[in-house]
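Colleague: I am new to this structure. Please show me the model, and let me ask how each label is earned.

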Amino acid sequence: MHAKDPVVRTDPAARPAGTPAPAGRLSAGRRPPAVLLVPATVAALFALLPLGYLAVRSLERGPGFAWNVVANERTAQLLGRSLGLAAVVVTACLLLGVSLAWLTVRTSLPGARVWSVLVTLPLAVPSYVAAFAWLSAFPELAGFSGAALALTLVSFPYVYLPVTAALRGTDPAQEEVSRSLGLGPLRTFLRVTLPQIRPAAAGGAVLVALYVLSDFGAVSLMRYDTFTRGIYTSYRSSFDRTPAAALSVVLVVMTVALVALEARTRGRAGHARTGTGTARRAVPAPLGRWRVPALAWCAAVTAVAVVTPLATLGYWLAVGNSATWDPAGLLDIAATTLGIAAAGAALTTLLALPVGVIAARHRGRTAHLLEQSAYAGHALPGITVALSLVFFAVRYAEPLYQELPLLVCAYAVLFLPVAVAATRTAVLQAPPVLEDVARSLGRSPLRVLREITVPLAAPGVAAGAALTFVVCMKELPATLLLRPTGMDTLATRLWTETGTGSFAAAAPYAAILILLAAVPSYLLGRHRT
């Protein structure tokens with residue numbers, strides 16, 4: 001899920017003396033050393049484990065049985081419900097994300113910087129927390145409308161952020177020429193700006209669709225049956241896991257199709273200047289009489305996406321049955337959540353390090369295959385990964401079944417792409433000439449990795465670990481299936497309390513979850529700034 005880097009075909013050893021070293025992959029053509037290749041292969045096989053499970057388990061009772069599960073009426077209903085929900089949420093996110101990006105980047109909107117921060121805050125709110133907040137305030141929202149509302153409000157930043165970046169990176173001259181020819185802001189946007197940001201908007205839309213298809217918490221709390229809820233119900237209601245595996249195959253096929261669509265969109269669309277030109281900031285388009293409606297639109301989105309969920313949590317915290325809260329139990333569950341998330345982030349970062357270094361410093365089929373294998377988890381819903389690890393543990397590692405290490409492994413499979421992307425980016429930013437000098441002085445590959453590469457890339461790797469920690473802490477479906485008996489995290493306890501309608505009892509877990517997730521998110525924001 002990244003742009004390809006320019007290929008460096010010149011052997012660095014053959015560079016003329018005095019020629020400055022190019023940034024990036026100076027080791028083009030050089031095979032990865034064993035100290036990187038062996039652990040990277042282990043990480044890649046680890047990430048591919050769920051796909052192997054699906055292939056084996058779904059065909060365990062024969063292709064005919066799997067086909068009967070896939071082709072029955074219930075599966076068609078789940079397919080229609082999942083795709084319908086994804087279509088509505090994607091459409092709403094495109095409307096919100098594109099309009100807000102244009103207002104905050106290209107117009108004279110008062111307080112544009114403040115609005116740009118406020119509309120990205122929903123990213124810190126898990127979908128099931130948003131669903132809990134809306135369901136507790138408006139119980140009649142349960143069903144399709146509630147699921148669509150909750151998912152839209154937490155996922156529209158996936159469109160807003162790439163479109164904002166695209167607007168800041170495109171040449172504003174064409175829009176200025178359009179306005180000088182008498183076209184107003186709206187017509188300039190439709191005829192000039194929109195075609196330029198279409199690839200970014202399409203990429204964000206695919207991310208939103210993937211998020212909706214893999215979501216389990218919001219649709220479960222809203223009691224709206226989709227594929228993820230159908231898989232969970234099938235797993236819990238029968239000792240035969242084959243139907244759940246067959247349904248998972250359908251879900252994986254849908255997600256892989258969307259990933260391929262996103263790659264195709266990125267590969268063919270784009271706008272480039274024919275000359276070198278001069279980069280400069282765009283002149284904000286005057287809003288004129290549209291200033292008040294634009295401010296009202298931004299305020300309404302912020303109120304619905306940020307203020308309402310927080311106000312609902314505050315209400316339940318203030319007027320709920322606070323006398324029955326168990327502070328000691330609450331702190332114990334919070335500590336458990338932090339411990340598991342830290343273990344998941346540590347294992348994920350450890351597995352991602354060799355893959356990220358190889359992806360950044362080496363080219364060739366082996367490096368490409370290892371990197372793409374590590375990204376396999378990106379297309380797999382959490383519930384599918386959990387089912388695969390249950391199958392693996394029951395068949396080949398029974399002592400791990402319903403034990404903490406299996407849950408930590410699930411986090412590593414699910415979030416390996418997050419850590420690999422961060423590591424790869426950090427290593428690419430480190431000057432490779434220092435590694436060449438170390439090798440020319442006789443340092444072994446392990447010493448080069450330990451003394452040069454890792455220290456230089458450490459800040460970026462740490463940022464990736466922090467991001468992995470946050471997503472591990474919020475994960476729900478894999479945690480529900482794999483947690484040890486009697487153990488709860490903030491996410492699972494929130495899900496349990498909300499499922500029984502105990503909104504006041506669920507509120508403290510939701511509040512602490514948001515509070516804990518906000519700390520590393522803030523540190524990440526400072527790091528990137």
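Modeller: Start with the rings. The count comes to 10 aromatic pairs. Rings of Phe, Tyr and Trp (its six-membered ring) pair if their centres lie within 6.5 Å; planes under 30 degrees apart count as stacked, over 60 as edge-to-face and the rest as tilted.

Colleague: What makes Phe-216 and Trp-495 a stacked pair?

Modeller: Their centres are 6.0 Å apart and their planes differ by 25°. The limits are 6.5 Å for a pair and under 30 degrees for stacked, so both tests are passed. The pair joins distant parts of the chain, 279 residues apart. Phe-216 sits in the loop between α9 (185-214) and α10 (217-221), and Trp-495 in helix α21 (residues 490-499). Helices (H or I, at least four residues) and strands (E, at least two) are DSSP runs, numbered from the N terminus. Phe-216 and Trp-495 also form one aromatic cluster with Tyr-232.

Colleague: Before we go on, what are the ground rules?

Modeller: This is a predicted model: local features need pLDDT of at least 70, side-chain atom pairs count only at pLDDT 80 or more, and totals for chains, interfaces and linings use all residues. Residues are numbered from 1 along each chain as its sequence is written, and side-chain values use heavy atoms, with hydrogens and water left out.

Colleague: Why is Phe-216 called buried?

Modeller: Buried means under 20% relative accessible area, exposed over 50%, partly exposed in between (1.4 Å probe, protein chains only). Phe-216 has 2%, so Phe-216 counts as buried.

Colleague: Why is the pair of Phe-392 and Tyr-396 called tilted?

Modeller: The planes of Phe-392 and Tyr-396 are 50° apart, and the centres 5.8 Å. That angle is neither under 30 nor over 60 degrees, so the pair is tilted. Both residues lie in helix α16 (residues 382-396), 4 residues apart, about one helical turn. Phe-392 has 30% relative accessibility, so the label is partly exposed. Tyr-396 has 60%, so the label is exposed.

Colleague: Where does helix α13 (residues 291-319) bend?

Modeller: At Ala-303, by about 40°. The bend at a residue is the angle between axes fitted to the seven residues ending there and the seven starting there. Buried residues of α13 include Val-301, Thr-302 and Ala-305.

Colleague: How do you know that Gly-146 is buried?

Modeller: Gly-146 has a relative accessible area of 1%, so the label is buried. Gly-146 is in helix α6 (residues 144-155). Leaving aside neighbours within four places in sequence, Gly-146 is in contact (heavy atoms within 4.5 Å) with Leu-141 and Met-222.

Colleague: What makes Asp-225 and Arg-229 a salt bridge?

Modeller: A salt bridge is a side-chain nitrogen of Lys or Arg within 4 Å of a carboxyl oxygen of Asp or Glu. The closest N and O atoms of Asp-225 and Arg-229 are 2.7 Å apart, so the pair qualifies. By this rule the count comes to 10 salt bridges.

Colleague: Which labels do Arg-439 and Asp-436 earn?

Modeller: Arg-439 has 29% relative accessibility, so Arg-439 is partly exposed. Asp-436 has 16%, so Asp-436 is buried. Their side chains meet in a salt bridge at 2.8 Å, N to O. Both lie in helix α18 (residues 433-440).

Colleague: How far apart are N and O in the salt bridge of Arg-447 and Glu-451?

Modeller: The distance is 3.1 Å. Arg-447 and Glu-451 belong to a network of salt bridges with Arg-443 and Arg-450.
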